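Work through the exercises below with the coordinates at hand. Each task is followed by a solution in steps.

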Amino acid sequence: CIINQKRNKEMKKIIHTKSIGYCLLMFAVLLTFSACNDEDDVAEIFNGKTWKLARLTTEKGKEQFYSGLWSSDKEKENSLEALKQKGNFTLSFDIAEVNGEATGTAKAHGIKANIEDASVKVDGKERSLSLNGKVTGAETDKLAKAFMAGLLNVFKYEGDSKSLTLYFKDENTVKVMGFTAQ
C-alpha cells in the first residue's frame, strides 16, 4: 500500500511535469503563428482598381461631407449629381514595390479637371502617402475643387482592397476623403 502511494505520487509528478512542458510548447507554437506583419500589402490596396469618392469630411466628422463646403442647396445638389456620374471623382494607382520602397503613379479625375501621371510614394508600415502632380483643367464645382486640392495634400492613408481613406491638410484642419473600390 505504501509502495502504491509512492508510485502514485511519482506518476502525478511526472504527469504534472509533462503537462507544464506541453503547455509551454503550445504557448511557443501559438506565439510563432500569431506573429504578424504590421506592414500593409500596398500593391493589393492600391493597384488594379478605380477608387470612387464616397465622402469628404473633417477627420473626426461623422457626416458624409463637411459643413460649409457648399454655399447653397443648389451647389450641393449639382455636386452630388456630378458625383453620381461614372468617371467623376475617381482615383487610380499604379504602384510597384522595389527594395521595400513603394512608388508609382496616380491618375485622378474630378468633373472637368485631371491629375495625370502624378508621382506617388507609399510607406506600408507607417501608412504614409504622398502624391505630387499637376492639375490640368479648372473646376468650378466646390466638391471637385476640394477633391483635387485634397489629393495634392495627402499625407496618410488607411484601408484595404475594398475601401480607402486618405488624410490631407486643409490649412490647419485635417480632412479625410473616403473611397470605395469600383
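The exercises go from the whole chain to single residues.

The model is predicted, so local features need pLDDT of at least 70 and side-chain atom pairs count only at pLDDT 80 or more, while totals for chains, interfaces and linings use all residues. Residues are numbered from 1 along each chain as its sequence is written, and side-chain values use heavy atoms, with hydrogens and water left out.

**Exercise 1. Overall layout**

Task: State how many helices and strands the protein has, and give their order.

Solution. Step 1: assign elements as DSSP runs, numbered from the N terminus, with helices being H or I of at least four residues and strands being E of at least two. Step 2: count them, which gives 4 helices and 9 strands. Step 3: read from the N terminus, which gives α-α-β-α-β-β-β-β-β-α-β-β-β.

**Exercise 2. Surface and contacts**

Task: Find the accessible surface, the buried percentage and the percentage of contacts between residues 24 or more positions apart.

Solution. Step 1: compute accessible areas by the Shrake-Rupley method with a 1.4 Å probe; for residues, only the protein chains shown count as cover. The surface comes to about 11,800 Å², and carbon and sulfur atoms hold 53% of it. Step 2: classify residues by relative accessible area (buried under 20%, exposed over 50%, partly exposed in between). Of the 182 residues, 33% count as buried. Step 3: take contacts (heavy atoms within 4.5 Å). Among those with a separation of 6 or more, 53% join residues 24 or more positions apart.

**Exercise 3. Two strand residues**

Task: Describe the surroundings of Ser 92 and Phe 155.

Solution. Step 1: locate each residue. Ser 92 lies in strand E2 (residues 90-98), and Phe 155 lies in strand E7. Step 2: read the accessibility. Ser 92 is buried because its relative accessible area is 18%; Phe 155, at 34%, is partly exposed. Step 3: list the contacts, leaving out residues up to four places away in sequence. Ser 92 touches Lys 49, Thr 50, Thr 105, Ala 106 and Lys 107. Phe 155 touches Ser 128, Leu 129, Tyr 167, Phe 168, Lys 169 and Val 174. Step 4: check a C-alpha distance. Phe 155 and Leu 131 are 24 residues apart along the chain, and their C-alpha atoms are separated by 8.2 Å.

**Exercise 4. Salt bridges**

Task: Count the salt bridges and describe three of the pairs.

Solution. Step 1: apply the rule, a side-chain nitrogen of Lys or Arg within 4 Å of a carboxyl oxygen of Asp or Glu. The count is 5. Step 2: take Glu 77 and Lys 74, whose closest N and O atoms are 3.7 Å apart. The two residues are separated by about one helical turn because they stand 3 residues apart in helix H3 (residues 73-84). Step 3: take Glu 101 and Lys 121, which meet at 3.4 Å, N to O. Glu 101 is in strand E3 (residues 101-109) and Lys 121 in strand E4 (residues 114-123), so this pair ties together parts that are 20 residues apart in sequence. Glu 101 is partly exposed at 40%, and Lys 121 is partly exposed at 44%. Step 4: take Asp 170 and Lys 175, with closest N and O atoms 2.5 Å apart. Asp 170 is partly exposed at 28%, whereas Lys 175 is buried at 7%.

**Exercise 5. Positive phi**

Task: Say where Phe 89 and Asp 117 lie, and whether each is buried or exposed.

Solution. Step 1: recall that most residues other than glycine have a negative phi. Step 2: take Phe 89, which is not a glycine and has a positive phi of about 55 degrees. Phe 89 is in the loop between H3 and E2 and is buried, with a relative accessible area of 0%. Step 3: take Asp 117, also not a glycine, with a positive phi of about 50 degrees. Asp 117 is in strand E4 and counts as exposed at 58%.

Notes. Buried < 20%, exposed > 50% of the residue type's maximum accessible area, 1.4 Å probe, protein only.
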